[in-house]
Amino acid sequence: MLMRTDPFRELDRLTQQLLGPGTWSRPSAMPMDAYREGDEYVVAFDLPGVTADAIDIDVERNMLTVKAERRPVAKADDVQMELSERPLGVFSRQIVLADTLDTEHIKADYDAGVLTLRIPIAERAKPRKISIGVGSGHKEISG
């Protein structure tokens, strides 16, 4: 039998009993990282134990919604659970995306329990040079 050495074990157990697993009407949050890498905005979600077909990604206007469901593993009749700490249920996260991101070309990859979304920066948001006509000549200003 496995034993935890966590002094907050009872608090964790009581919290999980009170809140229960996430449901579609009240999903649990999922941890994420977000950063800019070159001309892309990268968002990575931790979803260990979730199958790729249990993940739903939607974009409506500038609202990105990721939902996932971790289902219980089917066990044989003679299996007796000794310890169950991995949360089950529905997980969700919503992110408001800036207008400077190209939501039409989002790429999603799922590997080793991490869902990674790559959202390109829109062309209109990238720096560009503007030329100014002065008389018969032109000068360039870097923007």
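Strands E4 and E5 run antiparallel and are joined by eight bridges. This pairing belongs to a predicted model, and the description below begins with the sheet that contains these two strands before turning to a second sheet and to the salt bridges.

In strand E5, Val-96 is the bridge partner of Met-63. Met-63 also has a partner in strand E3, where Glu-60 stands opposite this residue of E4. Strand E3 comprises residues 55-60 and strand E4 residues 63-70, and the two are paired in the antiparallel sense over six bridges. Together E3 and E4 make a hairpin, with two residues lying between the strands. One residue of the turn, Arg-61, has a positive phi of about 55°.

The three strands are arranged as an open sheet in the order E3-E4-E5, and the pairing is antiparallel. Strand E3 and strand E5 (89-96) occupy the edges with a single partner strand each, so one side of each lacks a neighbour in the sheet. From one strand to the next, the twist averages 15°. Strands of a sheet pair through backbone hydrogen bonds, in either a parallel or an antiparallel manner.

Within this sheet, the surroundings of one residue were examined in detail. Thr-65 is located in strand E4. The residue is buried, because its relative accessible area of 13% falls under the 20% limit. When neighbours within four places in sequence are left aside, Thr-65 is in contact with Asp-56, Ile-57 and Asp-58, and also with Ser-92, Arg-93 and Gln-94. The side chain of Gln-94 is joined to that of Thr-65 by a polar contact of 3.0 Å.

A second open sheet is formed by four strands in the order E1-E2-E7-E6, again with antiparallel pairing. Its edge strands are E1 and E6, each of which pairs on one side only. The twist in this sheet averages 15° from one strand to the next. Strands E2 and E7 run antiparallel and are joined by seven bridges. In this pairing, Val-42 stands opposite Arg-118 of E7.

Arg-118 also takes part in salt bridges, of which the structure holds three. In one of them Arg-118 is bridged to Glu-37, with the closest N and O atoms 3.0 Å apart. This pair links distant parts of the chain, since Arg-118 lies in strand E7 (residues 114-120) and Glu-37 in strand E1 (residues 32-37), 81 residues apart. Glu-40 likewise forms a salt bridge with Arg-118, and here the closest N and O atoms are 3.2 Å apart. Distant parts of the chain are linked by this pair as well: Glu-40 is in strand E2 (residues 40-46) and Arg-118 in strand E7, with their positions 78 residues apart.

The accessibility of these residues was also evaluated. Arg-118 is partly exposed, with a relative accessible area of 24%. Glu-37 counts as partly exposed at 40% relative accessibility, and Glu-40 counts as partly exposed at 21%.

The remaining pair consists of Arg-71 and Glu-69, which form a salt bridge with their closest N and O atoms 3.7 Å apart. Arg-71 is partly exposed at 45% relative accessibility, and Glu-69 is partly exposed with a relative accessible area of 22%. Through salt bridges that share partners, Glu-37, Glu-40 and Arg-118 are joined into one network.

Confidence was considered for the protein as a whole and for its individual elements. The mean pLDDT of the protein is 80, and 75% of the residues reach 70 or more. Confidence is lowest in helix H1 (residues 9-19), where the mean is 58. The highest value is found in strand E6 (residues 107-111), at 97, and E6 is one of the edge strands of the four-stranded sheet.

Conventions: Residues numbered from 1 in each chain as written. Heavy atoms only, no water. Pairing = 2+ DSSP bridges. Buried < 20%, exposed > 50% of the residue type's maximum accessible area, 1.4 Å probe, protein only. Polar contact = N/O pair within 3.5 Å; in protein donor to acceptor, adjacent residues only side chain to side chain. Contact = heavy atoms within 4.5 Å. pLDDT = per-residue confidence, 0-100. Axes fitted to C-alpha atoms, helices over the stretch in contact; angles between N-to-C directions. Salt bridge = Lys/Arg side-chain N within 4 Å of Asp/Glu carboxyl O.
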